[in-house]
Structures are given as structure tokens and as C-alpha cells.
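Before you read these points, please have the sequence and the coordinates open side by side. The note below takes a few residues in turn and describes their surroundings.

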Amino acid sequence: MAIGAGCYPIAIPFSVKQIVSNRDWIERSRAALWHPCTQMKQMEATPPLPIARGEGPWLIDYEGRRYLDAISSWWVNLFGHCHPRINAALRDQLERIEHVILAGGTHAPVVELSERLARLTGLSHAFYGSDGASATEIALKMSFHYWRNSGRPQKTGFVSLQNGYHGETLGALSVTDVAIFKDTYAPLLRQTHQAMSPDWRLAEPGETAEAYALRAAADLERYLAEHAETTAALIVEPLVQGAAGMAMYHPVYLQQARALCDRYQVHLIADEIAVGFGRTGTLFACEQAPSPGPAGHPLAVGEGNIAATRVADIADIVCLSKGITGGYLPLSAVLCRDAIYAAFYHDDSARGFLHSHSYTGNPLACRAALAVLDLIEGGKVIEANRDKAARFTALLAEVAAHPRVAHFRQAGMIWAFDVKGAGPGFARAWHAQALELGVFMRPIGHSAYFMPPYVIGEGEMQLMARVAAKLLDTVQAGPALA
């Protein structure tokens, strides 16, 4: 069955049957919604894109125009819109149970999903939230509470990476280092330490990505050597720092960070929210780290068996979200080592992990996630993605060689490049002109990127390459566009 087959025609609610134009929906949206991550006044010049339906990697507006979803609807959509197998799983679940309280209850989808995630990561006892920031909050609280339950209540500090992003709730924002999100709320946040980023764009001339990653690990070691007694955890985005403009780094950093966390008795939290489920070329980004070796002792650089590395070899706690449901429903999961879970297992309720929200472990979301895992495991998706990634990288050769492009980079199904001379209005100008050419993109600062659904074909890849090459010649953004 072709991608997109099985979609039902749009049923327009009776109250809005007469409102079917793009302009109608734009005006109603401006009047009724407060859009996320948006200065609403800018919508006067750059209105939101009104979407009526989706087919595979395509978004379709109310007037029938099609836009290639080149960023997977904020990095969540793995297998295209309106996928027949995920649709079928959700229809089946709707006839069974839509939701039930998970405090004191359980159900098949959440149990089966937890079992599968445990097998895939090597960690256990999945704890569920609704989104990535929720997963970060859960992981931070879990680490803090573990040390308290273990008789080391002084271990309350957290370390993250410079330019890292882990969400915008208060705990998550405390370990985020993106000024536009963080600075306004600084008085509300915990003080945390940001260690040197291993982002290879910051390397000195002639310094390799690997050497720079090792230098960043040495910076982390200097901090932990002095502050380990009061540090609960290090949290990192493995391999790719998304909000930093798809900053990428050498996997040896993860190996070294694991060894340091072992040495200084600090948890390592792997934020796989954006990079999990095949996005970087392996099921989880942590799997690309060189193996830490037997009993947690690191092997020499270059000796690790990458294929043998599991999430549990690198992380004490892992955060999963975004692609976990294929972009269908909000869901996040946090898994941890058995020793962390055991520290909460006690007769005293106060020693338990008393965190919750009403829709924890929602059956519909869990069924969507199970369908996603079926697609990944049954269709050799990661292997197919490697072939697609090689083809699209080749198609982007003209872009990579463009005189305005710096730091062209790729990891799995993520491509990014920095645009020289990009002024304050660059991202909005690029977004608007890409839409005119039929591609939905949202650059981050001066970095343009592609993170498309895995169902893209040759035609979609050619379109994205053509549009990027054209925009490099046409988008000029300076103070006048700010």
C-alpha cells in the first residue's frame, strides 16, 4: 500500500463548513491562538501555514497547495502523515480503551511498550510523561531523588553542555543554554554548570572533530574533579545538539563522558528526545559511541565495537520522545538502570518517585509507539535510511560547495549547514521563500537544516536540494528584515 493510502477524506466540522480558505483559518488562528515559540506580532508579516491534511511527507493546505515537510513537523514525524499502519493501530485501540489511570491501573499497550523499550535500550522500568521537557523534568528529579534516597543528599547539582537544549519547563530550562529561551526566566531557574560543548564547528584550525571532543571531555573532567561531591548528573544530547543549529560532535565524547561519570559517581542522562528512533543512523544515537569496554573501563580510542554499544553502556537514564509515536500523539518515556529504580523501592511512600500527570502512559499513544517500533524493526528502516542518506548527501553536493555555506554536516537523516552573512531576519526570509517553492523549513538562527520523514523518495530529495541551492542565491537577510 502506498504511503498515505488509507487516509480518510477530511470531515469538516458542522460549525466551520463555510470556512475553508487559507485566509479564514489564518485570521481565526491569530484571533484565538497563542502560537508556541513565536513572537505573535511577526505573524502580521509571516502568517502561519494552515494545514488541512497530510499525505506521506507532504502537508496540504485548505486550497490544495502541497508543501514538503522537510523538518518532520518539529522533528516528530518519522513515517509520514496519515500512515495506514499507525492509523489502523489507533482505530483498533479506540475500540478497546482510550485512557485509564496508570496510578493503580495498567494496560497492555503500556506494558508491551515498556518491555520493548527495555529490550532495545538495556535499561528498565519505563516512566512516562507527555513530551520532551516532561521527560527531562522526570530524569532530573529521578537523579536528585536517587542520591537523596542513597544517603548523599548533597548531590543536587547538574551539568549540561554549552548551547544545549532540554526543554522549556523550569527544570529543563535550568539545564538549557539557549539565551533567547532562558534569559528572561533566569530568576526562576536553578543554577547549573554548562561544560564546554564538543560541537566540532568550534574546533581550532587543523584540529579534528575527535581531538576537539577529547578536549571538551577534559574540560568536563576538570569540573567534575572539583564538584563531583555536589553533582547529581550530567545531561547531554547525544551526537547532535538540535537547538544549537544541529551542532554535531564526535561520538568519542560520549565514551569519555561515561568513563568520567563512572569515576566521579555522577549519573549520565542521555537526552535522546530528538535523536532517537533512527534519526542519527542508528536506533539510538548512544549506540554510535565506542564501547566503554568491560566493567565500564574505556577502551582506547578507535578500539570500541560501535555495533555492540547499547544505550545502557553509556546512559544511566535515557529520555525518549518526539519520534516515539511517529508524530501522532504526545508521549515521552524515561528509562533507568535497575540500581536507580531499586533506590525508590521501599515501604516508605516518601521514598517513592511521586511524579505524575493525568495522561501518564496513555493507551492510544502507547499503541502508536508500538506501531512505530513495528515499522522500524519489521521494515529494515535504518538500513534503508543509510542508502537514502548517502543519496541525499550526494544531491546536496552543490549546496555544500556553495560559497555562502560553512560547516556542511550530516548525521543519519539530519543535514545542516551554516549560511555566511545571514542577518537578523534570515530565518524568517528563508522560511517564507521556501514555502513559495513548496518546502516547509524553519532555520535555526543562521543554520538551515533538513530533518525529513523517513518516507522521502528521490523526487522529494531532489526538490529539497533544488530549493536549498536556489535560496542560497536569493535569500539576503539583513537589518531591514529584522
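What follows is a set of numbered points on a predicted model.

1. I would begin with the positions that come from a record, since UniProt, in an unreviewed entry, places the feature "binding site" at G132, A133, D271, H357 and S358. These positions span 227 residues in sequence, and because the farthest two C-alpha atoms are 23.3 Å apart, they do not all gather at one spot.

2. Two of the positions in that UniProt feature, G132 and S358, can be set side by side. G132 has its place in helix α5, which covers residues 132-149, and with a relative accessible area of 15% it counts as buried, because the cut-off for that word is under 20%. S358, by contrast, is found in the loop between α11 (338-342) and α12 (363-378), and its relative accessible area of 60% makes S358 exposed.

3. Which residues does G132 touch, not counting residues up to four places away in sequence? They are H166, I273, S321 and S332.

4. Q194 deserves a careful look, as it belongs to strand β6 (residues 193-195) and is buried, with a relative accessible area of 17%. When residues up to four places away in sequence are not counted, Q194 touches S160, L161, Q162, S174, V175, D177 and K182. One of these, S160, also has its side chain joined to the side chain of Q194 by a polar contact of 3.0 Å, and a further polar contact, of 2.9 Å, links the side chain of Q194 with the side chain of T192.

5. For a sense of distance, Q194 and L364 are 170 residues apart along the chain, and their C-alpha atoms are separated by 37 Å.

6. S114 sits in helix α4, made of residues 108-121. Is S114 buried or exposed? It is buried, with a relative accessible area of 17%, and, leaving aside its neighbours within four places in sequence, S114 is in contact with A126 and Y128.

7. At the surface, L170, Y185 and L188 make a nonpolar patch of about 310 Å². Of this patch, L170 lies in helix α6, which runs over residues 170-174, and L170 is partly exposed, its relative accessible area being 43%, a value that falls between the limits of under 20% for buried and over 50% for exposed.

Definitions and conventions
Residues are numbered from 1 along each chain as its sequence is written. This is a predicted model: local features need pLDDT of at least 70, side-chain atom pairs count only at pLDDT 80 or more; totals for chains, interfaces and linings use all residues. Side-chain values use heavy atoms; hydrogens and water are left out. Helices (H or I, at least four residues) and strands (E, at least two) are DSSP runs, numbered from the N terminus. Buried means under 20% relative accessible area, exposed over 50%, partly exposed in between (1.4 Å probe, protein chains only). Contact means heavy atoms within 4.5 Å. A polar contact is a pair of N or O atoms within 3.5 Å; within protein, one must be able to donate a hydrogen and the other to accept it, and residues adjacent in sequence count only if both atoms are side-chain atoms. Patches are made of residues with over 30% relative accessible area and no salt bridge: like charges are joined within 9 Å, nonpolar side chains (Val, Leu, Ile, Met, Phe, Trp, Tyr) within 5 Å. Accessible areas come from the Shrake-Rupley method with a 1.4 Å probe; for residues, only the protein chains shown count as cover. A salt bridge is a side-chain nitrogen of Lys or Arg within 4 Å of a carboxyl oxygen of Asp or Glu. UniProt positions are given in the numbering used here, feature names are shortened, and annotations may be inferred rather than shown by experiment.
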